[in-house]
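Biologist: Could you take me closely through one part of this model, the surroundings of the ligand, and tell me what kinds of residues make up that shell?

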Amino acid sequence: MRPASFGYQLASNLIDASQACARGAIPLAGGQSLIAAMKSRQMTPELLVDIGELRDLRGISIKSERIRIGALTRHCDLIRSELLKEKVPWLCEAASLIGDVQIRNRGSIGGNVCFADPRANLPPVLISLNATAVVGSSESSREVPIENLFQGFRENALVAGEILLAVEFDVVEGQKGSYRELSPQLNGVPLVNVSVSSGNSIGVGVGGLNSCPLRLIRVEEALVDGIGPALEAFDGEAFEPLEDLQAGAKYRIKVGRVLLRRALEEVLN
Amino acid sequence: MQFRLNGGDRKCKVSPRTLLVDVLRDECGTTSVHIGCDEGICGACTIFLNGESVKSCLVLAVQAEGKDVETLEGTGSVKELDVVQQAFGEEFALQCGFCTPGMVVSARALLKNNPNPTDQEIRAAMVGNLCRCTGYQNILKAVKKAAERLQSG
Ligand SMILES: Cc1cc2nc3c(=O)[nH]c(=O)nc-3n(C[C@H](O)[C@H](O)[C@H](O)COP(=O)(O)OP(=O)(O)OC[C@H]3O[C@@H](n4cnc5c(N)ncnc54)[C@H](O)[C@@H]3O)c2cc1C
Ligand code: FES
Ligand code: FES
């Protein structure tokens with residue numbers, strides 16, 4: 001199918017983009033989720049504002065052991081980044097498992113986060129790294145813990161006029177991490193994914209076990225007593241995974257537990 | 001909108017909802033760009049946009065404004081196949097041929113960045129291109145052969 005009719009505006013700066021969003025426009029980044037959703041008519045926006053040419057939103061940098069990744073940085077850029085390969089290779093691995101070469105040449109980290117799909121690859125990693133979302137409008141900017149950006153199935157917490165500018169997280173000497181997913185198809189979204197990162201504290205993020213990506217706070221807390229208690233804490237969670245022809249809820253939770261155990265063993269042992 | 005197609009300038013009138021794949025096929029006649037799944041999965045619509053392989057069924061025409069688009073028509077022709085096309089033919093890497101244009105673009109994209117890929121790297125680079133006929137083995141062989149020929153000059 002072809003998308004329903006819509007208006008299109010190319011933003012030449014952030015203020016432009018933000019003002020268009022305040023009037024109800026939807027930002028278009030790489031379009032790898034949005035255009036697909038518009039073609040199937042799951043989304044029928046009236047106006048798109050193309051933020052694809054806002055160069056300031058692209059790039060990876062580090063300042064006093066804090067990494068900043070611009071929202072328009074593409075998956076292929078994450079995979080090639082020497083800095084990320086050295087500091088957080090499990091983030092690169094999660095990015096390398098997104099779709100295929102062609103999708104990764106256009107899809108951005110901002111789009112991956114803002115689409116707020118429960119099965120997206122990057123949110124669990126960013127949650128486990130205790131990342132912050134830097135969100136801005138033409139008037140102000142604010143910082144939000146990344147998990148608070150996820151409100152429900154494909155629903156993010158941005159308010160009208162706001163655009164995701166970047167994600168930031170601290171890196172610590174000797175930090176370890178793991179990304180695990182089970183994907184029925186090589187180039188499709190995973191059924192369930194899990195990421196664990198060490199650092200000042202251990203972070204645990206999961207996807208596919210609820211309507212949006214989650215931080216498992218009780219699992220994180222139980223980890224002071226070891227992996228066994230952490231898995232018990234996982235069993236005590238009330239997950240509500242999607243169910244479809246690929247897998248039912250019970251199976252997804254079971255897979256999530258296995259992936260979590262493997263990720264914890266990799267990081268802690 | 002204005003863009004460069006296979007080295008020449010192009011001007012087209014499009015509405016925002018027009019997809020790049022439709023402009024290429026219907027307005028420009030570059031029908032090597034196929035539509036298979038139309039959902040971004042099969043890779044039959046793969047083209048080069050500013051030198052990078054992308055799926056043109058997931059790109060709006062307006063997003064190609066001012067950019068460089070390259071399709072198979074830009075390099076090989078039926079009379080004069082390029083190295084990758086030649087290798088696909090010799091290795092029987094196609095049967096119906098529907099997936100082939102996308103396969104060739106993806107193979108070229110790989111060889112541009114990695115002139116001497118391992119089997120594993122070839123498979124990883126072609127994940128976004130589906131073939132319903134060949135079973136992939138001959139495609140793998142063809143890409144290897146093209147790599148060898150390109151390397152030996
Ligand atoms: C065949 C196929 C396979 C895929 N496989 C995977 C997979 O394995 N794993 C995975 O995680 N994803 C997968 N995806 C989904 C997609 O590629 C990614 O989620 C991609 O990161 C989306 O980024 P984008 O730049 O294309 O975003 P867009 O499609 O442009 O935008 C997505 C959403 O985010 C909003 N948005 C984008 N940027 C911003 C911003 N800076 N501020 C505010 N809002 C913003 C848009 O308004 C839109 O609602 C797949 C897609 C396809 C077509
Ligand atoms: S037609 Fe574009 S990927 Fe299948
Ligand atoms: S040769 Fe028929 S689909 Fe590949």
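Modeller: The shell around ligand 1 divides into 19 nonpolar, 15 polar and no charged residues, where Ala, Val, Leu, Ile, Met, Phe, Trp, Tyr, Cys and Pro count as nonpolar, Asp, Glu, Lys and Arg as charged, and the others, Gly among them, as polar. This is a predicted model, in which local features need pLDDT of at least 70 and side-chain atom pairs count only at pLDDT 80 or more, while totals for chains, interfaces and linings use all residues. Residues are numbered from 1 along each chain as its sequence is written, chains are lettered from A and ligands numbered from 1 in the order in which they are written, and side-chain values use heavy atoms, with hydrogens and water left out.

Ligand 1 lies between chains A and B, and of the 34 residues around it (a heavy atom within 4 Å), A:P27, A:Q32, A:L34, A:H75 and A:S108 come nearest. A polar side-chain atom of A:H75 lies 2.7 Å from an oxygen atom of ligand 1, whereas A:G30 places a backbone N or O atom 2.8 Å from an oxygen atom of the ligand, and A:G99 does so with a backbone N or O atom at 3.1 Å. Of the 980 Å² of accessible area that ligand 1 has on its own, the protein covers 93%, with areas taken from the Shrake-Rupley method with a 1.4 Å probe. Two or more residues of the shell come from each of β2 (26-28), α7 (109-114) and β10 (163-170) of chain A, these being DSSP runs numbered from the N terminus (helices H or I, at least four residues; strands E, at least two). The largest share, 4 residues, comes from α7(A).

Technical notes. A polar contact is a pair of N or O atoms within 3.5 Å; within protein, one must be able to donate a hydrogen and the other to accept it, and residues adjacent in sequence count only if both atoms are side-chain atoms.
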